[in-house]
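Welcome, and thanks for taking a look at this one with us. Below is a short briefing on strand pairing and ring contacts, meant to be read with the viewer open.

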Amino acid sequence: MRAARLLVCLVLIPCSAPAASLRDRLRASSLTVGISGGSAFDALADNIADTAARNLPIISASAGYTYRYNAQLEIFERTSETLGPIFLERPDTLGRGKLNINVSYQYVQFDEFDGRSIKRLEAPDRIVIQEFDSAGNLLRSTANRLRYGLKIHSNIGSLSLTYGLLDNLYVNLLLPVNDTDFAVGVQSQVIAMALPCVLPMRNGRTQGNAVGIGDILLRGKYQFPAMEGGIRSAAGLQLRLPSGNENDFQGTGDFEASPFLYLSTILWSHVEPHANLGVDLRTDNVERSQARYGLGADVDVTRRIGISLAFLGRSQFKESAPASDTSFLHLTSAGVQQRPLLGVSFDRKDFFDLSFGARAVVWRQIMVFANGIYALNDDGLRNGTVIPTAGVEGTF
């Protein structure tokens, strides 16, 4: 049903948007247990929303079949020896006048942040809540046990269109539609006041759903002449347009430009190793850009079935948010001190993933594919299991 919903949205864009954004629901969730929140709660919501949008996988623009026109024979000849990668790019371009259509579905369920379950986010120390009167005089202070339980699930349907302008140059449009489910449960209990006491636990919950277009990607690739030793290379450029709603965890809210270098070679006529290297340049803050890189190989088991294995990496140049933005007063053994809210830190992260999948030709130039992505480390907001992807593509 989810996949059907997304398919309908791909055809019937634009989709309706909810009145209250998911980010606003997260910001205000502390109110459900009587805590007014503040800048640290807002910054926590802002950075979780941004991280969730940036951690959605981007499917490759590389087609399974690529061609080059032979003017002497007046026919298109296939240039790709393997069926190709799914989340890495290879240097081969599509071929002049060729069109590749790719429709895919992904399910992303964020489970962990820095190795901790997001269903149970709690700092080791109690937060300090201070209440003031209208004149600014402190009325009382309480030490509260605060716990958040988050749910962030995304169903993503994507339409990718690639067109060969020249034999060695193509352009690509990737249009994603996201169906995001969000919920947060909050628990707060006063552990200490001026006099020792323990008050009853307060529970609150808020949830929402949003369906909308994600960030549209415009991609291009230019293939260079083959080098000695059979090394193939190409330069790529990816433009991220801020079309996704950043308040619903579906977009970054800023324009990005990403130059790439792609390398590959052919071994034993049916094995193709790949290397990708690029940089996602953020226009809102260049210092917070990130490097993107990958290594992998595709192997054609038969002429109609190929498998793909890849290492995918992303490394931030700088933290997403300074510690001061998301810090809050906590009661520690050394007294009242500033500590990260819920123990969540947005320092510099590295993201390492294993991608594994297969393609199968079903009829002429039409093939289906399936893939899984598994997190190899715990940095940042992650899927604790496997991110599944499935789709169909054809070249015409």
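How many bridges join strand 6 to strand 7? There are six, and the two strands run antiparallel. Please keep in mind that this is a predicted model. The points below start with this strand pair, move on to a hairpin at residues 67-78, and finish with the aromatic side chains.

**Strand 6 and its partners**
- Strand 6 covers residues 126-132, while strand 7 covers residues 138-166.
- These two strands make a hairpin with five residues between them, and G136 in that turn has a positive phi of about 90°.
- Strand 6 also pairs with strand 16 (residues 327-332), in the antiparallel sense and over two bridges.
- I127 is a handy residue to follow here: it stands opposite N144 in strand 7, and its bridge partner in strand 16 is H330.

**The hairpin of strands 1 and 2**
- Strand 1 (residues 67-70) and strand 2 (residues 75-78) run antiparallel and are joined by four bridges.
- Four residues lie between the two strands of this hairpin; in the turn, E74 shows a positive phi of about 55°.
- Y67 of this hairpin has R78 in strand 2 as its bridge partner.

**Aromatic pairs**
- Nine aromatic pairs are found in the structure.
- In one of them, the ring centres of Y65 and Y67 are 6.5 Å apart with planes at 55°, so this pair counts as tilted.
- Are Y65 and Y67 buried or exposed? Y65 is buried at a relative accessible area of 9%, and Y67 is buried at 10%.
- The rings of F311 and F352 have centres 5.7 Å apart and planes at 40°, so they also form a tilted pair.
- That pair links distant parts of the chain: F311 belongs to strand 15 (residues 305-316) and F352 to strand 18 (residues 350-363), 41 residues apart.
- F311 is partly exposed, with 28% relative accessibility, and F352 is partly exposed as well, at 26%.
- Ring pairs join F311 and F352 with Y293 into a cluster.

**Charges over rings**
- Which ring does the charged end of R314 sit over? It sits over the ring of F351, 4.2 Å from the ring centre.
- R359 lies over the face of F369, at 5.6 Å from the centre of that ring.

Methods: Residues are numbered from 1 along each chain as its sequence is written. This is a predicted model: local features need pLDDT of at least 70, side-chain atom pairs count only at pLDDT 80 or more; totals for chains, interfaces and linings use all residues. Side-chain values use heavy atoms; hydrogens and water are left out. Two strands pair if DSSP finds at least two bridges between them. Rings of Phe, Tyr and Trp (its six-membered ring) pair if their centres lie within 6.5 Å; planes under 30 degrees apart count as stacked, over 60 as edge-to-face and the rest as tilted. Buried means under 20% relative accessible area, exposed over 50%, partly exposed in between (1.4 Å probe, protein chains only). A charge sits over a ring if NZ of Lys or CZ of Arg is within 6 Å of the ring centre and within 35 degrees of the ring normal.
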